[in-house]
Amino acid sequence: MKKLLYIVANSKPEAISSSRTVGRTLVNSILEKHMDVKLEELNLYEDYIPRPKYSYFNERSTLVSSDALLKLSPQEQNDVKQMEKLSDQFVSASVYVVSAPMWSLSFPGVLKDYIDCIIQAEKTITFTEDKPKGLLNDRPRTFIYVQSSGADIPWIMKPMLDKGLNYVEDMMKFIGIDTFEKLLVDGTGTTEMEKSQAIEEAKNKIDTIISRIVL
């Protein structure tokens, strides 16, 4: 059975979060369309996401050996084990949905910590002649980034202002995930009417995005 990993990078409760509201609708729609897909959820604000440290690595993107691990403190050992667990969980999925707000032209810092955790040698990347190469092109995978923002950003400005989205797309392609979809909840504004309209406009794009998922 294929796995859908839903990653929440928004600290707001789902009931009042634009990105989480649209993200949940997207996830439910995928499950309805693909009955052979199993859902697994990860909330970056509720589940423990370590902040990687130099001492956790033996060399570039390679976690410490078992012997070196024993020399770390109990908390550091737990961090390394959690990083390995997070990376294994990510590798095991075929479809990824991330819901996140745009913060300061980027995304919440916990998402960067998570990405740093899952980039590991011989799991998501490898090194050939000292050059990194992604490993997740081994089978069809689809990554969908759901981003909410208060402003309705003109398309001509998106390359300059969507720095967080661009970074996530670059990183996913770097590790081998070529199919990257974005579902933008732009213009949530300051009123409930603006927010509701932005959510509905984003939901109307869901069927088109699901049609491009390859399993």
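**Helix packing and aromatic pairs**

User: Is the crossing in which α1 passes α7 left-handed or right-handed?

Analyst: Helix α1 passes α7 in a right-handed crossing (the near helix is turned clockwise from the far one by less than a right angle; anticlockwise would be left-handed). The model is predicted: local features need pLDDT of at least 70 and side-chain atom pairs 80 or more, while totals for chains, interfaces and linings use all residues. Residues are numbered from 1 along each chain as its sequence is written, and side-chain values use heavy atoms, without hydrogens or water.

User: Why are α1 and α7 called roughly parallel?

Analyst: The axes of α1 (residues 18-33) and α7 (residues 192-203) cross at roughly 30° and come within 10 Å. Roughly parallel requires an angle under 35 degrees, and the two helices therefore qualify.

User: Which residues make the contact between α1 and α7?

Analyst: With contact meaning heavy atoms within 4.5 Å, α1 supplies Ser18, Thr21, Val22 and Thr25, and α7 supplies Lys195, Ile199, Ala202 and Lys203.

User: How many aromatic pairs are there, and what makes phenylalanine 90 and tyrosine 114 edge-to-face?

Analyst: There are five aromatic pairs (ring centres within 6.5 Å; planes over 60 degrees apart are edge-to-face). The centres of phenylalanine 90 and tyrosine 114 lie 6.4 Å apart with planes at 65°, so this pair is edge-to-face. It joins helix α3 (residues 74-92) to helix α4 (residues 109-118), its partners being 24 residues apart.

User: Why does phenylalanine 90 count as buried or exposed?

Analyst: Buried means under 20% relative accessible area (1.4 Å probe, protein chains only). Phenylalanine 90, at 1%, is therefore buried, and tyrosine 114, at 2%, is also buried.

Conventions
Rings of Phe, Tyr and Trp (its six-membered ring) pair if their centres lie within 6.5 Å; planes under 30 degrees apart count as stacked, over 60 as edge-to-face and the rest as tilted. Helices (H or I, at least four residues) and strands (E, at least two) are DSSP runs, numbered from the N terminus. Buried means under 20% relative accessible area, exposed over 50%, partly exposed in between (1.4 Å probe, protein chains only). Axes are lines fitted to C-alpha atoms, for helices over the stretch in contact, and angles run from 0 to 180 degrees between N-to-C directions. Angles under 35 degrees count as roughly parallel, over 145 as roughly antiparallel, 65 to 115 as roughly perpendicular and the rest as oblique.
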